[in-house]
Amino acid sequence: MLKKEEHHDYFLKKLTVSNPGREMIVKNFFNAFVDRPDHSLETLSQTTESFYLWNQLCFFIKQDYEKIKDYTQEDLSCLQAVYITEVGANYFKNQAAEQAKKEGAIKTLETLMQKPPYYFTFEEITKFTDQKGDLLLTQYTEEELKDYLHKKTQEAPVQELPEILVFKTYDEQRYFIFKSKVLQLILRLCTDARISVLDAIKTHWSEVLRQFDMLPEMKDQRAFEDRLEREIRIQSPILSALLHSSFLPLLSYDASGGDDTSKISLFVNGQLLPYSEILLMGRQELLNDAKIMLPFWYSMPLISWIARMLLRPPKSKRNKKQKTRAEKYREEEEAKRREDETTAAISQNEAVSKKVALREAARTAEQAYVPVSSTLNRELDSYEKIWNQRLGSDVHSNLTEDVNSLIRDYIRKTLRTIKVDGFTPSRIESLADSLMNAPGLQKIRERDALKMYIKLYMVKLVKNIPM
């Protein structure tokens, strides 16, 4: 019917008038359909741009045929064709909408995976939510997520690593990370681990020296490197796993480049740099610091010899395994939790009960942001070093205090109306997004690190609400 000259020009004109400024698009669509009507459903299944034009054309044809009183067989056939086309158009339109929704969810997934902490387990990835708080896993299936991760971790151009890399920690936990974030993460973890490793070894060595004992690592560089490796495995399992990953030696040769951190090499002649160089830590300097922590008379030969004879503990009690700072932190938090439970049980005050519930909610949220091998303050310091790059201690401290004051004022207002069960990771994410739009924070460049800092500081404030 549309091939007939009078109908052809008539319906083409109606479509063109209804779509001003899109005359060429309408003409191409109309002529493509008229020239190859037997391929119309195939065309529908392959495009997402012409559903509106299909619906318009079907509507115009039905509108004209409703005026006919006596239908011929040709008229009925034409109407049947219109109804079939409408069903097909709606079907493929819904399919296209679902596909677009799925692609949007995948893009959101990629964005979230490129935000701190940059490394995620599969279970954590399945719990990602969009800006509305809806699970991304409701917008695609678990099988589709596995297929996506498999494709991203296996397929890559020639002489390039896959876009997403996989590594395992010593407890066989499997993590996914975008390759563009690997060296950036290693640099942050090295800076963070240096402080904790330095503190752990210095404290341990000082205790050993206090007991008039010596360790091989104090004198032998190789033993010292082994101790650093063991300490990194304890203090920062993620850093240890990344340094031993199979892809790290290849990353500097990857043709895709990355950011400026890709120019940093952790390898010399194919071998990983010594841990003392990675952490910028000297054995002799560390030993001197440990000796400084001892009482002055330890440096006096005669007195120290007499004290050694009288005070040195039995071998069985020497050099006991020390608890890490993270383990001590977890024990302290557990003690505070029990204290809060006791306070809530004794007190009949509703305000006290709400504070206890909020503190418990903050501790639960903290588990989503702070690794088991770290502490809340350690993570805060780590992210602060990234977003606050001001030189000079006074300027640096003032900027940090300004940001902290802004967060404190914001959270103080929020706590007046927040529900007891409302302080969740998704709610904290929403609060951080709102605060990130504050004019005073717009000039800070490292947005991801700043946002993570805001979330952690919010958790710290709520966790330490005074009773």
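What volume does the largest cavity have? In this predicted model, the largest cavity has a volume of about 90 Å³, and the structure as a whole holds 2 cavities of 30 Å³ or more. Rolling a probe the size of a water molecule over the atoms shows where empty space is left. The lining of the largest cavity is made up of 13 residues, of which Leu189, Ser236, Pro371, Ser373 and Glu379 are the closest to its centre. When these lining residues are sorted by class, 5 are nonpolar, 4 are polar and 4 are charged.

The lining of the largest cavity draws on separate parts of the sequence, since at least two of its residues are supplied by each of the helices α8 (182-210), α11 (237-243) and α18 (376-387). Among the contributing elements, α8 provides the largest share of this lining, with 3 residues.

The chain that encloses these spaces has a secondary structure of 21 helices and 4 strands. Its C-alpha trace spans about 125 × 65 × 45 Å along the principal axes, and the radius of gyration of the chain is 33 Å, whereas a compact globule of 467 residues would have a value near 23 Å. Of the 467 residues in the chain, 42% are buried. The area exposed by the chain comes to about 27500 Å², and carbon and sulfur atoms supply 53% of this area. With regard to how the sequence folds back on itself, 70% of the contacts between residues at least 6 apart in sequence join residues that are at least 24 apart.

Helix α11, which is one of the helices that supply at least two residues to the lining of the largest cavity, also contains Ser240. Is Ser240 buried or exposed? Ser240 is classed as buried because its relative accessibility is 2%, which lies under the 20% limit for that class. Once its neighbours within four places in sequence are set aside, Ser240 is in contact with Tyr170, Ile232 and Arg233. A further relation across the sequence links Ser240 with Lys168, as the two residues are 72 positions apart in sequence while their C-alpha atoms are 9.9 Å apart in space.

Several features of the backbone occur in loops. Pro116 and Pro117 are joined by a cis peptide bond, for which omega is about 5 degrees, and Pro117 is located in the loop that runs between α5 (73-113) and α6 (122-126). Gln159, a residue other than glycine, has a positive phi near 65 degrees. This residue, Gln159, is placed in the loop between α7 (142-154) and β1 (164-168), and Gln159 counts as exposed because its relative accessible area is 69%, a value over the 50% limit.

A positive phi is also found at Leu280, where the angle is about 55 degrees although the residue is not a glycine. Leu280 is situated in the loop between α13 (275-278) and α14 (283-292). Why does Leu280 count as exposed? The relative accessibility of Leu280 is 66%, and residues over 50% are placed in the exposed class, so Leu280 falls within that class.

Terms used:
Residues numbered from 1 in each chain as written. Predicted model: local features only at pLDDT ≥ 70, side-chain atom pairs only at ≥ 80, totals over all residues. Heavy atoms only, no water. 1 Å grid on protein atoms, 1.4 Å probe; cavity = no way out; pocket = protein on both sides within 12 Å on 5 of 7 lines; lining within 4 Å. Points joined across faces, edges and corners; volume = space filled by probe spheres on them. Nonpolar A, V, L, I, M, F, W, Y, C, P; charged D, E, K, R; others polar. Rg over C-alpha atoms; globule rule 2.2 N^0.38 Å. Buried < 20%, exposed > 50% of the residue type's maximum accessible area, 1.4 Å probe, protein only. Contact = heavy atoms within 4.5 Å. Areas by Shrake-Rupley, 256 points an atom, 1.4 Å probe, with all protein chains shown as cover.
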